[in-house]
Amino acid sequence: MSGVATLPRVVILTMHDIQLRPHQPSPEAAAARAGGGQRAPAQLVMEGTIKTYRYLDASEIAAAAPAAGTKGGP
């Protein structure tokens, strides 16, 4: 999520349907840690949808204009 927030020209970052829950290791991984006397670090899993909106610079607008004209235009 922090990688998306640092993108250039990101204007709005909205999060939808975010879920945060404890990570459940596989039974094999849990058994290996228990057998070795290792305590597993606390881990969380975050799932959801992030939508971003950004400004286009002049060159991006110019590049998009011809492509927009080919999609079902008159």
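How many helices and strands are there in the protein? Look at the whole chain first: there are 3 helices and 2 strands, and along the sequence they follow the pattern α-β-α-β-α. Here helices (H or I, at least four residues) and strands (E, at least two) are DSSP runs, numbered from the N terminus.

**Before you click**

What you have open is a predicted model, in which local features need pLDDT of at least 70 and side-chain atom pairs count only at pLDDT 80 or more, while totals for chains, interfaces and linings use all residues. Residues are numbered from 1 along each chain as its sequence is written, and side-chain values use heavy atoms, with hydrogens and water left out.

**Stop 1: colour by confidence**

Colour the model by pLDDT, the predictor's confidence in each residue, from 0 to 100. The protein averages 76, and 70% of the residues score at least 70. Now select residues 27-35: this is helix H2, whose mean pLDDT of 71 is the lowest among the elements. Move on to residues 44-54, strand S2, which has the highest mean, 84. Keep in mind that where pLDDT is low, the predicted coordinates should not be read in detail.

**Stop 2: show the surface**

Switch on the surface. The accessible surface comes to about 6200 Å², and 60% of that belongs to carbon and sulfur atoms; such areas come from the Shrake-Rupley method with a 1.4 Å probe, and for residues only the protein chains shown count as cover. What share of the 74 residues counts as buried? The figure is 0%, with buried meaning under 20% relative accessible area, exposed over 50%, and partly exposed in between (1.4 Å probe, protein chains only).

**Stop 3: the nonpolar patch**

Select Leu13, Met15, Ile18, Leu20, Leu44, Met46 and Ile50, which make a nonpolar surface patch of about 650 Å². Patches are made of residues with over 30% relative accessible area and no salt bridge; like charges are joined within 9 Å, and nonpolar side chains (Val, Leu, Ile, Met, Phe, Trp, Tyr) within 5 Å. Strand S1 (10-22) and S2 each supply at least two residues of the patch, and S1 gives the most, with 4 residues. Click on Leu44 in strand S2: this residue counts as exposed because its relative accessibility is 60%.

**Stop 4: the salt bridge**

Which residue forms a salt bridge with Arg21? Select Glu47: the closest N and O atoms of the pair are 3.2 Å apart. Arg21 lies in strand S1 and Glu47 in strand S2, so the pair ties together parts that are 26 residues apart in sequence. The structure holds 1 salt bridge, defined as a side-chain nitrogen of Lys or Arg within 4 Å of a carboxyl oxygen of Asp or Glu. Arg21 is partly exposed at 35% relative accessibility, and Glu47 is partly exposed at 40%.

**Stop 5: along strand S2**

Select Val45, found in strand S2. Val45 touches Gln19, Leu20, Arg21 and His23, not counting residues up to four places away in sequence; contact means heavy atoms within 4.5 Å. Measure from Val45 to Arg21, C-alpha to C-alpha, and you should read 5.4 Å, although the two are 24 residues apart in sequence.

Next comes Gly48, also placed in strand S2. With the same neighbours in sequence left out, Gly48 touches His16, Asp17 and Ile18.

**Last stop: Asp17**

Finish at Asp17 in strand S1. Asp17 has a positive phi of about 50° although it is not a glycine, and with a relative accessible area of 67% it is exposed.
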